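Colleague: I'm new to reading protein models, and I'd like to learn how to pick out the features. Can we go through one together?

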Amino acid sequence: MAFLLHARPSPSLPAADLRRSSPLILRRPSSVRFPLKCKAVDSYGGNSDDLYLLTGDTAPASALLSRTRLEDAIKNNTTRLRIFSGTANPSLAQEETGYVVTTWILVIVQEISCYLGLELGKIKIKRFADGEIYVQLQESVRGCDVFLVQPTCPPANENLMELLVMIDACRRASAKTITAVIPYFGYARADRKASPFVVILKLLESIGILTQGRESIAAKLVANLITESGADRVLACDLHSGQSMGYFDIPVDHVYGQPVILDYLASKGISSDDLVVVSPDVGGVARARAFAKKLSDAPLAIVDKRRHGHNVAEVMNLIGDAKGKVAIMVDDMIDTAGTISKGAALLHQEGAREVYACTTHAVFSPPAISRLSSGLFQEVIITNTIPLSEQNYFPQLTVLSVANLLAETIWRVHDDCSGDIEPFSTLGID
């Protein structure tokens, strides 16, 4: 079964009433159920690292103090915060009457604006017959802090170019600051050239493999494009590698989706003695170790694999013990699901009782759906950083919303607040 956990606006905000009267059309597959929120749960392992989904009725009172200035600004109509959305989410269609959600999953940008009690900014985006992109802001942003929400998900090139044109439009409209909110940063995996040692090994197999050393570092190129187009700041969620932040010559706020997934897993009531956190490859050990520490310091296992080409993986063996345990596989993204599905098959061979897959970004390139729904996984837990089409949903899928995290970060950037004070230090906001 699949869930969508989304933000609730404060009932004291007048904009929330307007949001409820907007033309939202929600279609749900008959096999899917999802609640409106997730209650806050006890801390993991009894320590003080409590994680909260910051809805109005589950966060502690101290968590809502920073919103007081925002609510006052909205009531007095003095806020200089503007949020605009691109069209990367196919469920968001622009018509003459406004934005309409035409699929059953709620748009993450609507959730963000609803959480902040703001109306989504009016923007006109269209494509000419030859494919060129046209962007026009339909309200003034002069002297405002503008946040443009646009994941560079497939089709990556289209969505990236649209983001660049949106940034340029805001810059020419005299916006005070422009922040590109990129829930999923495309080209993040192209962050370095192949290791010379790897190239030498490959050379022993084939002379032509030397060409793998002549690669572009597209992550740096995209960072340059975003910077030169006029962005003052980038807000990204779960970058593929930490060094990607260094590719930007502007500030980067890095938000982690881990707390939302941890909160959901804790609500399932699985005993910490029965858990083992599994990294699907050696490169994800640090991520899995941090995840395991939050789950009452659960034991760690590693899947050792050998990759012979792009999107092709071969599982070799398991480092660690998973016999009789509930295995939680953690990764930052699932693309074709080759690595994680072969890892799940290995875990079952090693005697794992159940296997859960947890990831922030669900790229889901074919044949990911058939692999994930083949029965290897008890549940596949993802977030909504990348929009999914309705045909890509399957019974084992669970979708959690990161809108609260992004919205809280947006407000803190706008209000010049730090993310390292309680209780927000546990939300993964740098």
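Colleague: How many bridges join strand E9 to E10?

Modeller: First, the labels: helices (H or I, at least four residues) and strands (E, at least two) are DSSP runs, numbered from the N terminus. Two strands pair if DSSP finds at least two bridges between them. Here, E9 (residues 233–237) and E10 run parallel and are joined by four bridges. One place to look is alanine 236, whose bridge partner in E10 is histidine 254. On E8 (residues 177–182), isoleucine 182 has alanine 236 of E9 as its bridge partner. Strands E8 and E9 also run parallel, with four bridges between them.

Before we go on, this is a predicted model, where local features need pLDDT of at least 70 and side-chain atom pairs count only at pLDDT 80 or more, while totals for chains, interfaces and linings use all residues. Residues are numbered from 1 along each chain as its sequence is written, and side-chain values use heavy atoms, leaving out hydrogens and water.

Colleague: In what order do the strands of that open sheet come?

Modeller: Follow the pairings across: five strands form the open sheet, in the order E2-E7-E8-E9-E10, with parallel pairing. Strand E2 (81–85) and E10 are the edges, each pairing on one side only. From one strand to the next, the twist averages 20°.

For angles, axes are lines fitted to C-alpha atoms, for helices over the stretch in contact, and angles run from 0 to 180 degrees between N-to-C directions. Contact means heavy atoms within 4.5 Å. With that in hand, look at H4, which packs on the sheet and touches E2, strand E7 (145–149) and E8. The direction of H4 makes about 165° with that of E8.

Colleague: Are the faces of edge strand E10 covered or open?

Modeller: For that we need burial: under 20% relative accessible area is buried, over 50% is exposed, and in between is partly exposed (1.4 Å probe, protein chains only). Both faces of E10 (residues 252–255) are covered. Val252 and His254 are buried on one side, and Asp253 and Val255 are buried on the other. Across the protein's 430 residues, buried ones make up 54%.

Colleague: Why is helix H3 called largely enclosed?

Modeller: Count its buried residues: nine of the nine in H3 (residues 108–116) are buried, so the rest of the structure largely encloses this helix. Even Gln110 and Glu111 are among the buried residues. Right after H3 comes glycine 117, with a positive phi near 75°.

Colleague: At what angle do H3 and H11 cross?

Modeller: Their axes cross at roughly 50° and come within 9 Å. Angles under 35 degrees count as roughly parallel, over 145 as roughly antiparallel, 65 to 115 as roughly perpendicular and the rest as oblique. That makes H3 oblique to H11. The H3 side of the contact includes Ile108, Ile112 and Tyr115, while the H11 side includes Leu406, Ile410 and Trp411.

For contrast, try H4 (residues 156–172) and H6 (residues 218–229), which pack at about 20° with axes 8 Å apart. That makes H4 roughly parallel to H6. Among the residues that meet there are Leu160 and Ile167 from H4, and Val222 and Leu225 from H6.

Colleague: Which residues touch the most other members of the largest nonpolar core?

Modeller: A nonpolar core is a set of buried Ala, Val, Leu, Ile, Met, Phe, Trp, Tyr and Cys residues joined through side-chain atoms within 4.5 Å. In the largest one, with 41 residues, the answer is Ile83, Ile112, Leu116, Phe291 and Ile328. Helix H11 (residues 403–414) gives this core its largest share, seven residues. Another core, of 35 residues, lies apart from it and includes Leu148 and Ile250.

Colleague: Which peptide bonds are cis?

Modeller: Look at omega. The bond from proline 154 to proline 155 is cis, with omega near -5°, and proline 155 sits in the loop between E7 and H4. The bond from proline 366 to proline 367 is cis too, with omega near 5°.

Colleague: What is phi of alanine 337?

Modeller: It is near 65°, a positive value in a residue other than glycine. Alanine 337 lies in the loop between E14 and helix H9 (338–349), and is buried, with a relative accessible area of 5%. Phenylalanine 364 has a positive phi as well, near 55°, and is buried at 6%.
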